[in-house]
Amino acid sequence: MLYHDSVAFLLSNQLGIPPFIGGDSKTPTQVAKEFNLSIRAASALLVTLCRMEVVQVHSDSNESVDDIVYELTPSASE
């Protein structure tokens, strides 16, 4: 799992996902649209970044994982 987390972390940084989220909280749908990813891929990256404490859940949704809003963690903002 550590290998896949590292690859996801490097990929998200290469794409520029953390700076994109840093400007304002984002949903997986917004990330997918900005970086031309499927919603499933964007969700997987965000969940991995959440597990690595790069992003955190700003507001959760019981309706759909696509409606979860993510923001950078304080340490990632620095």
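Here is a walk through this predicted model, taking a few residues at a time.

Let's start with helix α1, which covers residues 2-15. A good first stop is Ser12, which sits in this helix. Ser12 is fully tucked away: its relative accessible area is 0%, so it is buried. Leaving aside residues up to four places away in sequence, Ser12 touches Ile17, Pro18 and Leu49.

Now look at Leu10, also placed in helix α1. With a relative accessible area of 56%, Leu10 is exposed, because the cut-off for that label is over 50%. Leu10 joins Phe9 and Met52 in making a nonpolar surface patch of about 260 Å². Gln14 is another residue of helix α1, and at 70% relative accessible area it is exposed too. If you want a feel for distance here, take Gln14 and Tyr3: they are 11 residues apart in sequence, and their C-alpha atoms are 16 Å apart in space.

Helix α1 also takes part in a salt bridge. Side chains of opposite charge can pair when their charged atoms come close. The structure holds 1 salt bridge, and you'll find it where the side chains of Arg51 and Asp5 meet, at 2.6 Å from N to O. Arg51 belongs to helix α4 (residues 39-51) and Asp5 to helix α1, so this pair ties together parts that are 46 residues apart in sequence. The two partners differ in how much surface they show. Asp5 has 11% relative accessibility, so it counts as buried, while Arg51 is partly exposed at 43%.

Next come the aromatic rings. How many aromatic pairs does the structure hold? There is 1. It is formed by Phe20 and Phe35, whose ring centres are 5.3 Å apart; their planes stand at 90 degrees, so the pair is edge-to-face. Phe20 lies in helix α2 (residues 17-23) and Phe35 in helix α3 (residues 28-35), so the pair ties together parts that are 15 residues apart in sequence. Phe35 counts as buried, because its relative accessibility of 16% falls under the 20% cut-off. Phe20 has another neighbour to look at: Lys26 lies over the face of its ring, at 4.7 Å from the ring centre.

From there, step to Ser25, in the loop between α2 and α3. Is Ser25 buried or exposed? Although it is in a loop, Ser25 counts as buried, at 18% relative accessibility. Its contacts, not counting residues up to four places away in sequence, are Gln30, His58, Val69, Tyr70 and Glu71.

The last stop is Asp66, in the loop between β1 (55-59) and β2 (69-72). Asp66 is partly exposed, with a relative accessible area of 26%. What does Asp66 touch, once residues up to four places away in sequence are left out? Its contacts are Thr27, Pro28, Thr29, Ile39 and Ser43. Gln30 comes up again here: Asp66 and Gln30 are 36 residues apart in sequence, yet 9.3 Å apart in space from C-alpha to C-alpha.

Notes. Residues are numbered from 1 along each chain as its sequence is written. This is a predicted model: local features need pLDDT of at least 70, side-chain atom pairs count only at pLDDT 80 or more; totals for chains, interfaces and linings use all residues. Side-chain values use heavy atoms; hydrogens and water are left out. Patches are made of residues with over 30% relative accessible area and no salt bridge: like charges are joined within 9 Å, nonpolar side chains (Val, Leu, Ile, Met, Phe, Trp, Tyr) within 5 Å. Accessible areas come from the Shrake-Rupley method with a 1.4 Å probe; for residues, only the protein chains shown count as cover. A salt bridge is a side-chain nitrogen of Lys or Arg within 4 Å of a carboxyl oxygen of Asp or Glu. Helices (H or I, at least four residues) and strands (E, at least two) are DSSP runs, numbered from the N terminus. Buried means under 20% relative accessible area, exposed over 50%, partly exposed in between (1.4 Å probe, protein chains only). Rings of Phe, Tyr and Trp (its six-membered ring) pair if their centres lie within 6.5 Å; planes under 30 degrees apart count as stacked, over 60 as edge-to-face and the rest as tilted. A charge sits over a ring if NZ of Lys or CZ of Arg is within 6 Å of the ring centre and within 35 degrees of the ring normal. Contact means heavy atoms within 4.5 Å.
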